[in-house]
Amino acid sequence: YAHYDKLLSIRIDGSDLIEIATAPENLNFRDVHWSQATGQIVAQTVGTNPQNANLLIMNGNGSNIRELLSQFHQDSLGVLSAPHFSVDGNNIVFSHDAARFPSPIGRQLDARVVTLNLESGLFSDLSGNKPEGMNDSAPRYSPTGAYVIFTSSPNDNEGPDNIYIMDLEGNARQELFSNGIMPEWF
């Protein structure tokens, strides 16, 4: 789990607290996900400016830490959230504000669901069919790995969050629940 600049591991019974990794200077860990298939960890880092964000991937023991989004960077990456491994551990899905809106509180204007193929290094934007004025965020692969489940909400921060599902190409977008939130553990 993420605790400020530390990434920690602990058994369910509260024993064996282990420090896995320390974030780069002036950054904190935020969202983290472990791949059962590969034993790797993907973790989001963020600075005091919400746009100063990146994803790090590492072995389960914290070794071999490397940035995933250096080729994705422009002036600012924009707000990121919710990195999540595919069932086979070969892909990571996350959300990213394509507008790169410079909000000091992290407001997003065009959050999109993006996948990264770890072998090829290629990114795919799955939110090509999202309605104008909406943010797609908090993506997770379904338990079978056949779909991406995510939250869609108005970018004015006034409307409800709705839970959607779509296939791995960003098609067959369908609302599952209105006025709902994405659970932390999925």
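Two strands are taken to pair if DSSP finds at least two bridges between them. With that in mind, a good place to enter this predicted model is the hairpin of β12 and β13, which has 5 residues between its strands. Within this hairpin, G145 adopts a positive phi near 85°. Strand β12 covers residues 134–141 and is joined to β13 by 6 bridges in the antiparallel sense. One of the facing pairs is N135 with S153 of β13.

Strand β13 also has β14 as a partner. The pairing of β13 with β14 (residues 162–167) is again antiparallel, with 6 bridges, and here Y147 stands opposite D167 of β14. Of the 8 residues in β13 (residues 147–154), 7 are buried, so this strand is largely enclosed by the rest of the structure.

Earlier in the chain, a further set of strands comes into view. An open sheet is formed by 4 strands, arranged in the order β4-β5-β6-β7 with antiparallel pairing. The edges are taken by β4 (28–34) and β7 (66–67); each has a single partner strand, so one side of each is left without a neighbour in the sheet. Inside the order, β5 (residues 41–46) and β6 (residues 53–58) run antiparallel and are connected by 6 bridges. For a reader following along in the structure, V42 can be located by its bridge partner in β6, I57.

Attention now turns to charged side chains. Side chains of opposite charge can pair when their charged atoms come close. The structure holds 6 salt bridges. Among them is the bridge between K130 and D110, whose closest N and O atoms are 2.7 Å apart. This pair links distant parts of the chain, since K130 belongs to the loop between β11 (123–125) and β12 while D110 belongs to the loop between β9 and β10 (111–117), 20 residues apart. K130 counts as buried because its relative accessibility is 12%.

Another salt bridge joins D125 to R112, with 2.9 Å between the closest N and O atoms. Here too distant parts of the chain are linked: D125 sits in strand β11 and R112 in strand β10, 13 residues apart. The two partners can be set side by side: D125 is partly exposed at 41% relative accessibility, whereas R112 is buried at 18%. Together, D110, R112, D125 and K130 are linked in a network of salt bridges.

A further salt bridge connects R173 with D136, the closest N and O atoms being 2.8 Å apart. R173 lies in the loop between β14 and β15 (174–177) and D136 in strand β12, so the pair links distant parts of the chain, 37 residues apart. At 0% relative accessibility, D136 counts as buried.

What, then, does the side chain of D97 reach? D97 lies in strand β9 (residues 91–97). This residue is buried yet has no salt bridge, and the nearest side chain of opposite charge, R112, is 7.5 Å away. A salt bridge requires a side-chain nitrogen of Lys or Arg within 4 Å of a carboxyl oxygen of Asp or Glu. The side chain of D97 instead reaches the backbone nitrogen of L109, at 3.3 Å.

Finally, the surface offers a nonpolar patch of about 300 Å², made by Y1, I10 and L17. Y1 is found in the segment before β1 (2–3), and it counts as partly exposed because its relative accessibility is 43%.

Technical notes: Residues numbered from 1 in each chain as written. Predicted model: local features only at pLDDT ≥ 70, side-chain atom pairs only at ≥ 80, totals over all residues. Heavy atoms only, no water. Helix = DSSP H or I, 4+ residues; strand = E, 2+ residues; numbered from the N terminus. Buried < 20%, exposed > 50% of the residue type's maximum accessible area, 1.4 Å probe, protein only. Lys, Arg positive; Asp, Glu negative; His and termini not counted. Polar contact = N/O pair within 3.5 Å; in protein donor to acceptor, adjacent residues only side chain to side chain. Patch = residues over 30% accessible without salt bridge, like charges linked within 9 Å, V, L, I, M, F, W, Y side chains within 5 Å. Areas by Shrake-Rupley, 256 points an atom, 1.4 Å probe, with all protein chains shown as cover.
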